[in-house]
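Work through the exercises below with the sequence and the structure at hand. Each task is followed by a solution in steps.

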Protein chains: 6
Amino acid sequence: MSDYTYQHFNVTFPPERQYVAHVEINRADKLNAFVESMWLELSTIFTRLSSDPSVRAIVLTGAGDRAFTAGLDVKAASEGLLSDSNTASDSARKATQLRRHIAEFQECISAVEKCEKPVIVAYHGISYGLAIDIGVAADVRVCSADVQFTVKEVDIGLAADIGTLSRLPKVVGNFGWVKEVALSARIFGADEALRVGYVNRVFKNKEEAVRGALDLAGLIASKSPVAVQGTKELLNYSRDHSVAEGLRYTTVWNSAMLQTNDVTAALLSGIQKRKPTFEKL
Amino acid sequence: MSDYTYQHFNVTFPPERQYVAHVEINRADKLNAFVESMWLELSTIFTRLSSDPSVRAIVLTGAGDRAFTAGLDVKAASEGLLSDSNTASDSARKATQLRRHIAEFQECISAVEKCEKPVIVAYHGISYGLAIDIGVAADVRVCSADVQFTVKEVDIGLAADIGTLSRLPKVVGNFGWVKEVALSARIFGADEALRVGYVNRVFKNKEEAVRGALDLAGLIASKSPVAVQGTKELLNYSRDHSVAEGLRYTTVWNSAMLQTNDVTAALLSGIQKRKPTFEKL
Amino acid sequence: MSDYTYQHFNVTFPPERQYVAHVEINRADKLNAFVESMWLELSTIFTRLSSDPSVRAIVLTGAGDRAFTAGLDVKAASEGLLSDSNTASDSARKATQLRRHIAEFQECISAVEKCEKPVIVAYHGISYGLAIDIGVAADVRVCSADVQFTVKEVDIGLAADIGTLSRLPKVVGNFGWVKEVALSARIFGADEALRVGYVNRVFKNKEEAVRGALDLAGLIASKSPVAVQGTKELLNYSRDHSVAEGLRYTTVWNSAMLQTNDVTAALLSGIQKRKPTFEKL
Amino acid sequence: MSDYTYQHFNVTFPPERQYVAHVEINRADKLNAFVESMWLELSTIFTRLSSDPSVRAIVLTGAGDRAFTAGLDVKAASEGLLSDSNTASDSARKATQLRRHIAEFQECISAVEKCEKPVIVAYHGISYGLAIDIGVAADVRVCSADVQFTVKEVDIGLAADIGTLSRLPKVVGNFGWVKEVALSARIFGADEALRVGYVNRVFKNKEEAVRGALDLAGLIASKSPVAVQGTKELLNYSRDHSVAEGLRYTTVWNSAMLQTNDVTAALLSGIQKRKPTFEKL
Amino acid sequence: MSDYTYQHFNVTFPPERQYVAHVEINRADKLNAFVESMWLELSTIFTRLSSDPSVRAIVLTGAGDRAFTAGLDVKAASEGLLSDSNTASDSARKATQLRRHIAEFQECISAVEKCEKPVIVAYHGISYGLAIDIGVAADVRVCSADVQFTVKEVDIGLAADIGTLSRLPKVVGNFGWVKEVALSARIFGADEALRVGYVNRVFKNKEEAVRGALDLAGLIASKSPVAVQGTKELLNYSRDHSVAEGLRYTTVWNSAMLQTNDVTAALLSGIQKRKPTFEKL
Amino acid sequence: MSDYTYQHFNVTFPPERQYVAHVEINRADKLNAFVESMWLELSTIFTRLSSDPSVRAIVLTGAGDRAFTAGLDVKAASEGLLSDSNTASDSARKATQLRRHIAEFQECISAVEKCEKPVIVAYHGISYGLAIDIGVAADVRVCSADVQFTVKEVDIGLAADIGTLSRLPKVVGNFGWVKEVALSARIFGADEALRVGYVNRVFKNKEEAVRGALDLAGLIASKSPVAVQGTKELLNYSRDHSVAEGLRYTTVWNSAMLQTNDVTAALLSGIQKRKPTFEKL
């Protein structure tokens, strides 16, 4: 296994769950709040996992008892942002610097969505702002009963710009609810998140939520990686395209992918009632 | 405060809720059914509120006990329509007149969506046809327990063409339910509306629904208007675009909007534990 | 009534429900599993019903007690597919043959969506793989309490390519749930299907599910066919387009459709408290 | 004929060319430079002509010998703009005012494109900046030999925002040339405009250019207005959509329009070798 | 070679040009005007050629000296159309029949575009209306010096609806010229067609135009069919999509297609200075 | 000036042309053919220039007398590609590796398009394959009289996949010509390139072509960088979007950019008849 050592993240490969990577946000003393170096690391990690043939599913969690993440480290960010934009003397030039900065930040978070392997987020405790931006870029979300979510950005004077407003309406099919929580920045808990479909399941505490996420990751990792990665890609493509476009893209995608040995492996093991093994991808 | 006097609408500014406008459909003797002059007025009102710097959130309700609105005043409409289209002698020319007429009507209702400030609809009683067309153009919907909804149009021989069929599938993420209620024109009530996500909340009667809507509007109006109006715009944009398009538009939007003083005001008041005040917008 | 005799489908016209067609998958001894000739027949049937003026709504069910359909007859399919693709000697040529094959198969299933009349699926028992591909191309889905659904494809080493991955995210507004069931291939039952909005209603057994579907079809068939078919078309169009595009298409569509006599018929019968009759379409 | 009297435009109906309107920009002493009241008038005029049944084709020209238009009256505009935007105290609020202002200005110019009747522009002399914005919103452009075009905006420190950058790449299929003239603001003349396809024809002087435009308008006005207006609509729609979308919209459009009496009138007059007459539209 | 015998088309395979099919419209006594059975045959022919492994490029010409085609056989069409639509009693139902009819006709002509092999049209003489609809669905157009083109439809009271208005603006990058010829129905000749890019080359007479087309077809047919068919598909896809979408689709397409043996065959024959041979496709 | 030293490229800043960067492909002994390290360097260079405030326009040329570039170094590429893809044992896994590889290569070339500063390519001599892929990602193209272009890919058994097929139809508005040169791989020269609009201008030799490109770059670099960079962005955005989308994006873009001091600087220097100076961007 190659070396996955990072300053603000623990990346481990639980031995009892083959092909599963566990990424943990590791800045518990600051409620896992994000400084700039962290989103750059996040991007690096998920880009590497995306093409690592030893990985087939990923779980993302936050270290410590209190928070998945409290979001952006506002103090650090405002210092950085202000000093950056201060170098420009007119509003148009400041806008250019801000635009480049937002785009770069967005691209880091989008690494979670672009990761070819499914990503499951297990939330617990404080899960504010960036916690949603990251979660909507993942594939499946679960949480512990004590979770506190909020789309926090309007409370600090800005519209969320790292992904929540673009992805949340496509993750949760209740546009009025999305509007309300994004416009009011009110906190919502596990039950509400489950009811509207933001999370797939609520566990009684963090430990069980993480275990539940790892179980699901383990199940997915036991399937054909050709089938799993194609399913993620085609679902994400379809979200953003018409049905006709989705079908067309699917024909081309599967014209190569159906030539995999995994189909035979899966069918044979089905007949023989044994667990199939699949080549790495 | 400028003069907002209209024939069929009451527009008031509740003193206890700063920056909130309350628009009331005011034709209770006809169950608030719409004649043409009413949708023209509706458009004028929301277009004005959209750029009125004294307004940050809007509540829309219906006067009287019995109905939010019974929908189009079919009697008046059919007279108007027939007399209009009778001036053309062939079907193509009739079609041209109808097309212009529908487009104009749509544009009036779309003024609710284009309004830069969030709009909260509080339904009660009879809420038929046009009640849905208007509601899906708003941002958040609540209702009283006695509400009766129906996508009424198929029962008068036509497919709904003022917005319901274009917007409802994007407001409620249950396409089978949307199909069923639109194809059958059956009535559904508050509980069902809540369950499928058409309304955010059910109140026990009209009075409480209106108060609940005003409370939410008041809460939103207390936030940074730069943040709130950006959030509405970006959510509506994202509904109609791919995630990649949504993110790109967001970078450009926020490249100007992050230069607001509201961020500092919000952060400082957060530190100082006091309510921030924001410049008008 | 013209002749609708097919090898693997029963097409009947229940006398007590005017304008309703009942299509039954009829290969109960094989759990209604699909061989290639069946999806060709399915396409032929729905294409004919689409323009049959005696038909206004359609119910689709599966024969026998055990299954709506177990999905693709994998044994038959793998034989066919392998022999087909074996005629090409390099991967690019195999891909071309597979692409044409998938496109043709997709087009057959899309005949259900392209059918101008609403289609209601009544599921029962085993409803695997292709059962979902067909269901998401229909308009409304109901089921019996004993139903067992699964998006089965990853378990046979492939990403679903006949429609599920393109349409399911637009049928069910809970993208995390869609991801989970598509990536894990786990079985889900009637209650879960109802909760997430995959089915509109659960009946206690197959008989009642079929009757319920026929009742809904009968109700829809009693409405103006101009209104009903326009509603289906405009809802499907809007699913795949922005709100602005949906509104524009609607103006053109209704510029012809509002010239129907059905509006007058509907309004008059409303006034006269009698059931309207509408000319065929 | 209804009254078309405006401060800055002459609108006439040349008696020798039935159904043709001639709109002339009338501020020759200022090289027909545009102040805000002029683009508001322009919008009003084209919106009225769009639905005026006595009009089937429109010619747009500039008064005087020297200029079609020198573009925006920069002096007036900068005064207006600065005073407007000065009312806001932070960059975000200024941006909001500017955005509303640009959108309103764009909408005025778009009235030329939205006009249901074909619009032919006859350029002469100085034709700078706004001259291109207006021209690309029209259908056909001709010019006199002495014309001088320039996409002037970069020379005053801004990217053109009233239509040129959005429409010119779709009017002229030479993207490198579009880039060059928009980035360099260099002047180009009649021959170059003809060679790249910006104008359809070059006339030796203004008088002949105007007569040539009126001749073409007269020819178009002699055709079926159902056919002509449908052709304009479908071409503009197709420019902005895929071929598949264009074909689909066309089927719906013509499903009403083929029911016109004009087809019979055109066919009969063809057989009878006489000029057809068509009902107004 | 399988049998390609049709009533109104000659399909031949010139022995001196391997893998080239020559389709000739064969109703010279009626100027090759199209009746309904002809466009159905056209569709059948191109659909078959599309997957015929003995065919790699196709030339389409018209029999006789006088015309490629005079377009729709208006007399026959108007009889058919009128009798069809007469069976419906209201405008909405007539519209439904017309819509289905136009869609079916469009789909027949689109078979030329959907054909996986490149299609080269060689025009001569009268080439009216449908001649353009068919030509814009092809890949390359050449003509003889005596050709006479016209987008004829407005002269018979309708907007062209079988493809010209949707495809011509994407074939010729001079939108003003497209507008002018479509709105005026004026005739244009070979030189103008060459200048605006509607045809690639003008030959002095029909014989040479056909030979030139066959030469180009022969050249294309000598290349790798994997490369050629991919190039047609990717160019057509890109025409209708953004650059980003085009690039993404290309990666998936070529992920299978680069696995062809044709690359090695082409490279080796290049080194060995001999003509490569490629397996059928 | 920061250090721009690269193995295969010379990056210089001609002193007589302020704010212009000159990038030269520097592998003349191999006809400037590209190996993988070169496209990685190309991407790095243009990404740096994109945000380098000392740069406002860029010229790209090829070293030596004989070639701009002969395209991909096929020998090197086929070794790399084959060894890469050989590590996978089934076609689906090979496809995955190829897909990632193509996407990465595309992204490198797209750095030219994403570069915020205008890029002018000066071609000479052999300009094959990748020469077109790079050129279509640039903004303006010029060439010397001796240039030889070809879309070479079909001759080596593949459809071009690094940008030509996605961008060329949007650069040159003559789709038939694009089809012909891409399907036949025939060579075309300077005159033809000028006639169809692939290049803006032909110079008599390489030296003059480079000087001409630098002159144009110098002219552009003398303008407001806010205006120039906005113009590039809005033109590229508009190419890929509908007019309505282009206008909307433009309003938001310019809401920040119109707040630049460059407008005042440009206006004042215009009045004072002197050359304006603009702050860096």
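**Exercise 1. Relating chain F to chain E**

Task: State what rotation and what shift along its axis superpose chain F on chain E, and which C-alpha of chain F is nearest the axis.

Solution. Step 1: chain F is laid on chain E by a rotation of 120°, with 0.0 Å of shift along the axis and an RMSD of 0.0 Å. Step 2: within chain F, the C-alpha nearest that axis belongs to F:Gly173, at 2.2 Å. Step 3: the copies use different surfaces, as 8% of the contact residues of chain F recur in chain E. Note that this is a predicted model, and every value here is computed from it.

**Exercise 2. Relating chain B to chain A**

Task: Find the rotation that superposes chain B on chain A, and name the kind of axis to which it belongs.

Solution. Step 1: the rotation is 120°, the shift along its axis is 0.0 Å and the RMSD is 0.0 Å. Step 2: this is therefore the relation of a three-fold axis. Step 3: B:Gly173 has the C-alpha of chain B nearest the axis, 2.2 Å from it. Step 4: only 7% of the interface residues of chain B are also interface residues in chain A, so the copies meet through different surfaces.

**Exercise 3. The two sides of a contact**

Task: Determine how many residues chain F and chain E put into their contact, and describe the side of chain F.

Solution. Step 1: the contact takes 36 residues from chain F and 44 residues from chain E. Step 2: on the side of chain F that touches chain E, two or more residues come from each of helix H2 (74-86), helix H3 (91-114), helix H5 (164-171) and helix H6 (175-184) of chain F. Step 3: H6(F) has the largest share of that side, 9 residues. Step 4: by class, the side of chain F that touches chain E has 16 nonpolar, 10 polar and 10 charged residues.

Task: Do the same for the side of chain B that touches chain A.

Solution. Step 1: chain B gives 44 residues to the contact and chain A gives 36 residues. Step 2: the elements of chain B that each supply at least two residues to the side touching chain A include strand E7 (140-144), helix H5 (164-171) and helix H8 (206-221). Helix H9 (225-239), helix H10 (243-257) and helix H11 (262-271) of chain B are also among them. Step 3: H10(B) gives the most to the side of chain B that touches chain A, 10 residues. Step 4: that side of chain B divides into 22 nonpolar, 16 polar and 6 charged residues.

**Exercise 4. The helices H3(F) and H6(C)**

Task: Compare the span of H3(F) with the expected one, and locate its bend.

Solution. Step 1: H3(F) has 24 residues, for which 34 Å is expected at 1.5 Å a residue. Step 2: from first C-alpha to last, H3(F) reaches 33 Å, close to that value. Step 3: H3(F) bends by about 30° at F:Cys108.

Task: Decide how many residues of H6(C) are buried, and what covers them.

Solution. Step 1: 10 of the 10 residues of helix H6 (residues 175-184) of chain C are buried. C:Phe175, C:Trp177, C:Lys179 and C:Glu180 are among them. Step 2: the cover from chain A includes strand E7 (140-144), helix H5 (164-171), helix H8 (206-221) and helix H9 (225-239). Step 3: from chain C itself, the cover includes helix H5 (164-171) and helix H7 (190-196). Step 4: just after H6(C), C:Ala185 takes a positive phi of about 60°.

**Exercise 5. Positive phi in loops**

Task: Place B:Tyr19 and D:Asn32 in their chains, and decide whether each is buried or exposed.

Solution. Step 1: most residues other than glycine have a negative phi. Step 2: B:Tyr19, not a glycine, has a positive phi of about 70°. B:Tyr19 is in the loop between strand E1 (9-12) and strand E2 (20-25) of chain B. Step 3: B:Tyr19 has 22 C-beta neighbours inside 10 Å, so it counts as buried. Step 4: D:Asn32, also not a glycine, has a positive phi of about 55°. D:Asn32 is in the loop between strand E2 (20-25) and helix H1 (36-50) of chain D. Step 5: D:Asn32 is buried because 28 other C-beta atoms lie within 10 Å.

How values were computed. Residues are numbered from 1 along each chain as its sequence is written. Chains are lettered from A and ligands numbered from 1 in the order in which they are written. This is a predicted model: local features need pLDDT of at least 70, side-chain atom pairs count only at pLDDT 80 or more; totals for chains, interfaces and linings use all residues. Copies are superposed by least squares on the C-alpha atoms of residues with pLDDT of at least 70 in both. Two residues are in contact if their C-beta atoms, placed from the backbone, lie within 7 Å. Helices (H or I, at least four residues) and strands (E, at least two) are DSSP runs, numbered from the N terminus. Ala, Val, Leu, Ile, Met, Phe, Trp, Tyr, Cys and Pro count as nonpolar, Asp, Glu, Lys and Arg as charged, and the others, Gly among them, as polar. A residue is buried if 20 or more other C-beta atoms lie within 10 Å of its own, exposed if 12 or fewer, and partly exposed in between; C-beta atoms are placed from the backbone. The expected span of a helix is 1.5 Å times one less than its number of residues. The bend at a residue is the angle between axes fitted to the seven residues ending there and the seven starting there.
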